[in-house]
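This report introduces a single protein chain to a reader who has not met it before. The sequence and the model are shown first, and a description by topic follows.

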Amino acid sequence: MAWTSLKRVTTALAVSLPVALFSATSVTAAPITEWNYQIDSAFTAFSPAGVTGSNPNANLGNAPTTLEWGTGGAGPSSLVVDSTVTNPPTLTTGGPAVSGASVTHNNNPIIGPTLTSATLSTQLVLTAASDPTITRTLMTDFDIDFTETNNDGDCGFASVSDCDDIFILLNPEVLVEEFIIGEFIYTITLGAVGLGPLSDAACAEAGQPAGCVGFTTQESQANNLQTLFSISAREIRIPEPASLALLGFGLLGMGIAVRRRRKAA
């Protein structure tokens, strides 16, 4: 490239890049503020073989939404999740949490095989209320460890009933999910009343390390865990115009150096 051409290119970069960036940071699209949603849930894995599944969710490969195990006078114990949840209410970016799927543990005194683990899979489909062509689908697997306690009064941890059963969420990092649309990063945060760090004694009883995350359920009751989720947004940060100005001047300096080397040759 001739020096004259190189000079024109580097000078143009030094001037136009900062201007272009200033325009990009000055005119920023607003985040999506209102969302419609649908949540499908099902148990895509569970053990041992004595546990039976029923009530399939067709949207998740006909995986069951009900698990049952054991026998007893009050019937088997079971774990049931809502198959499909849709809005209202509308999910608002930066607004309050809305209800997601509800999980119910029918905790009955039983004998025989008991649930030991399960994977609860959810599919969250978000659609911008202002533009139905803007959608995001988030698939999340919640890995669950379950401890069926002996009802002998020797619980080994603080218990409301005699004795509470223990659910452990083995991968609590999935309670926060992120995705990008346009110039914004959206964060989905999931929670539930009663879900959180358990006592060290409860974790130990479940064979888990201190600080484990989960919830407990009372014996001889239908225990409901109502999930909640919210969404927030933050703008993707773009380098300041001054940063591109330095890049432009650097390119200009490179052109000057090339010219000097050619003159010295």
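## Overview

A residue is called buried here when its relative accessible area is under 20%, exposed when that area is over 50%, and partly exposed in between. The model is a predicted one. In the protein chain, which has 265 residues, 39% count as buried.

The secondary structure of the chain consists of three helices and 15 strands. Among contacts between residues at least 6 apart in sequence, 69% join residues at least 24 apart. Several of the features described below illustrate pairings of this kind between separate parts of the sequence.

## The seven-stranded sheet

Strands of a sheet pair through backbone hydrogen bonds, in either a parallel or an antiparallel manner. In this model, seven strands form an open sheet in the order E2-E3-E4-E7-E15-E12-E11, and their pairing is antiparallel. The edges are occupied by strand E2 (52–57) and strand E11 (176–181); each has a single partner strand, so one side of each is left without a neighbour in the sheet. On average, neighbouring strands of this sheet are turned by 20° against each other, direction ignored.

At the E2 edge, the partner is strand E3 (residues 63–69), and five bridges connect the two in the antiparallel sense. One of the residues involved is Ser54, whose bridge partner in E3 is Thr66.

## Strand E1 and its partners

Strand E1 (residues 34–47) pairs with strand E6 (residues 91–92) through two bridges, and the two run antiparallel. Here Trp35 has Leu91 of E6 as its bridge partner. E1 is also joined to E8 by twelve bridges, again in an antiparallel arrangement. In that pairing, Gln38 stands opposite Val125.

Strand E5 (residues 84–86) is another antiparallel partner of E1, with three bridges between them. Asp40 faces Thr84 of E5 in this pairing.

## Asn107 and Asn108

Two successive asparagines can be examined where strand E7 gives way to a loop. Asn107 lies in strand E7, whereas Asn108 lies in the loop between strand E7 (98–107) and strand E8 (117–128). Is Asn107 buried or exposed? Asn107 counts as buried because its relative accessibility is 0%. Leaving aside neighbours within four places in sequence, Asn107 is in contact with Ser77, Glu148, Asp165, Thr217, Gln218, Glu219, Ser220, Gln221 and Asn223.

Asn108 has a relative accessible area of 13% and is therefore also buried, although it belongs to a loop. Its contacts beyond four places in sequence are with Ala74, Gly75, Pro76, Ser77, Glu148 and Glu219. Pro76 is 32 residues away along the chain, yet the C-alpha atoms of Asn108 and Pro76 are separated by 6.5 Å. In addition, a polar atom of the Asn108 side chain lies 2.9 Å from the backbone oxygen of Pro76.

## The salt bridge

Side chains of opposite charge can pair when their charged atoms come close. How many salt bridges does a search of the whole structure find? The search finds one. It is formed by the side chains of Glu178 and Arg234, with a distance of 3.0 Å from N to O.

This pair links distant parts of the chain, since Glu178 is in strand E11 and Arg234 is in strand E15 (residues 221–235), 56 residues apart. Glu178 counts as partly exposed, with a relative accessibility of 44%. Arg234 is likewise partly exposed, with a relative accessible area of 41%.

## The disulfides

The chain contains two disulfides. With bonded cysteines counted along the chain, their pattern is 1-2, 3-4.

Cys155 is joined to Cys163, with an S to S distance of 2.0 Å. The torsion about this S-S bond is about -90°, so the disulfide of Cys155 and Cys163 is left-handed. Both of these cysteines are buried. The other disulfide is formed by Cys203 and Cys212, whose sulfur atoms are 2.0 Å apart. The torsion about the S-S bond of Cys203 and Cys212 is about -100°, so this disulfide is left-handed as well. Cys203 and Cys212 are each buried.

Conventions. Residues numbered from 1 in each chain as written. Predicted model: local features only at pLDDT ≥ 70, side-chain atom pairs only at ≥ 80, totals over all residues. Heavy atoms only, no water. Helix = DSSP H or I, 4+ residues; strand = E, 2+ residues; numbered from the N terminus. Buried < 20%, exposed > 50% of the residue type's maximum accessible area, 1.4 Å probe, protein only. Contact = heavy atoms within 4.5 Å. Polar contact = N/O pair within 3.5 Å; in protein donor to acceptor, adjacent residues only side chain to side chain. Pairing = 2+ DSSP bridges. Axes fitted to C-alpha atoms, helices over the stretch in contact; angles between N-to-C directions. Salt bridge = Lys/Arg side-chain N within 4 Å of Asp/Glu carboxyl O. Disulfide = S-S within 2.5 Å.
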